[in-house]
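The following note addresses the pockets of the model shown below. Please read the points alongside the coordinates.

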Amino acid sequence: MKRLLSTALLTTAMALPASASDLRQMALDYFEPLPSTIPQMPDNRVTPEKIELGKALFFDPRLSASGVFSCYSCHNLTTGGDDNMSTSVGHGWQKGPRNSPTVFNAVLNIAQFWDGRAEDLKEQAKGPIQAGVEMANTPETVVATLNSMQQYRDWFSTAFPEEADPVSFDNMARAIEAFEATLITPAPFDAFMNGDEMALTDVQKEGLVLFVDKGCVTCHNGVNLGGNGYYPFGLIEKPGADILPEGDKGRFAVTETAIDEYVFRASPLRNVGVTAPYFHSGNVWDLKVAVQVMGTAQLGEEVSDEEADKIVAFLHSLTGEVPTITLPVLPAETAATPRPTTEVMPN
């Protein structure tokens with residue numbers, strides 16, 4: 001029934017978008033608007049004190065062994081929540097294996113990383129800090145660094161008042177998660193789903209109908225238009241090795257199950273218009289090209305230039321308003337603060 005409705009809307013949309021109310025109802029069948037309040041985690045209640053501590057930690061490069069890289073290095077909040085590189089550069093100027101996903105709205109994903117190996121943002125926050133090609137640090141050194149500065153000790157005590165020894169690697173991750181939960185970016189598409197039928201242009205409405213009718217919605221649905229399921233990349237036709245590197249088998253590395261070879265978490269599409277390059281390999285820089293690659297690889301059909309232009313127009317309606325963030329003033333190092341190192345350790 002939904003496909004019949006979308007086909008009927010598509011026929012009308014080629015000349016003039018269908019009834020905006022009908023189109024909005026169709027969108028609500030597949031998508032959800034962003035929440036109006038900060039999402040809460042059942043095991044990590046978000047408080048103003050945790051948010052402020054998490055913000056400081058998010059921006060602090062001293063969580064890395066070199067004192068150069070912070071969470072912000074790969075998740076730049078001024079450029080779409082990622083680093084706009086094919087793959088990120090980390091400790092000792094090593095290059096990571098995959099493209100850095102945006103941190104915006106990431107709290108709403110089913111899991112974190114392209115292969116879903118982190119259950120939530122707390123677990124995700126610990127990964128890069130300990131990865132040899134990223135921040136190359138250890139939990140012990142991180143805790144020693146934070147404990148060496150009285151201001152951090154005070155902030156942790158305020159954020160975790162019921163704990164006798166609040167400065168811990170786990171609490172560091174909890175605070176970062178709390179801050180990242182605030183990084184929600186409401187977009188014109190949310191206004192449309194919330195009842196503003198003029199929030200999308202006619203071309204964007206046509207692109208929305210195409211997005212549903214072509215089947216893109218099969219993997220890219222829900223509140224983040226993706227990020228909520230795992231699918232084979234190259235379901236119908238595998239892309240070339242430049243887009244789908246043969247050595248990266250995706251979720252297989254997590255589950256060691258044959259059916260998970262080249263399976264990845266469907267990329268969330270919010271802010272996709274400002275987060276080039278695309279795919280886990282980061283080798284496609286043009287959003288229109290990415291749309292057409294997905295048409296061939298996942299849907300088994302060619303997406304024409306005209307169709308791709310309209311779908312891209314719709315995707316730009318997912319570019320949201322970035323929350324205003326005041327940069328934190330970080331505590332100064334002390335004589336007890338571990339000194340930075342640029343030594344590259346074996347991975």
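1. In this predicted model, the second largest pocket holds about 650 Å³ of space. Its lining is made up of 36 residues, and P101, F113, Q124, P128 and E134 are the closest to the pocket centre.

2. Four helices each contribute at least two residues to the lining of the second largest pocket: α4 (71–74), α5 (121–130), α8 (169–180) and α11 (252–255). Of the elements involved, α5 gives the most, with four residues.

3. As to the chemical character of this second largest pocket, 18 of the lining residues are nonpolar, twelve are polar and six are charged.

4. The largest pocket has a volume of about 780 Å³. It is lined by 40 residues, of which H220, S267, L269, F279 and M294 are the closest to its centre.

5. Both strands and helices take part in the lining of the largest pocket: β1 (230–232), β2 (263–265), α12 (287–299) and α13 (305–316) each supply at least two residues. The largest share comes from α12, which provides seven residues.

6. Which classes of residue make up the lining of the largest pocket? Nonpolar residues number 25, whereas twelve residues are polar and three are charged.

7. In inspecting the two sites, the reader may wish to begin with the elements that give the most to each lining, namely α5 for the second largest pocket and α12 for the largest pocket.

Key: Residues numbered from 1 in each chain as written. Predicted model: local features only at pLDDT ≥ 70, side-chain atom pairs only at ≥ 80, totals over all residues. Heavy atoms only, no water. 1 Å grid on protein atoms, 1.4 Å probe; cavity = no way out; pocket = protein on both sides within 12 Å on 5 of 7 lines; lining within 4 Å. Points joined across faces, edges and corners; volume = space filled by probe spheres on them. Nonpolar A, V, L, I, M, F, W, Y, C, P; charged D, E, K, R; others polar.
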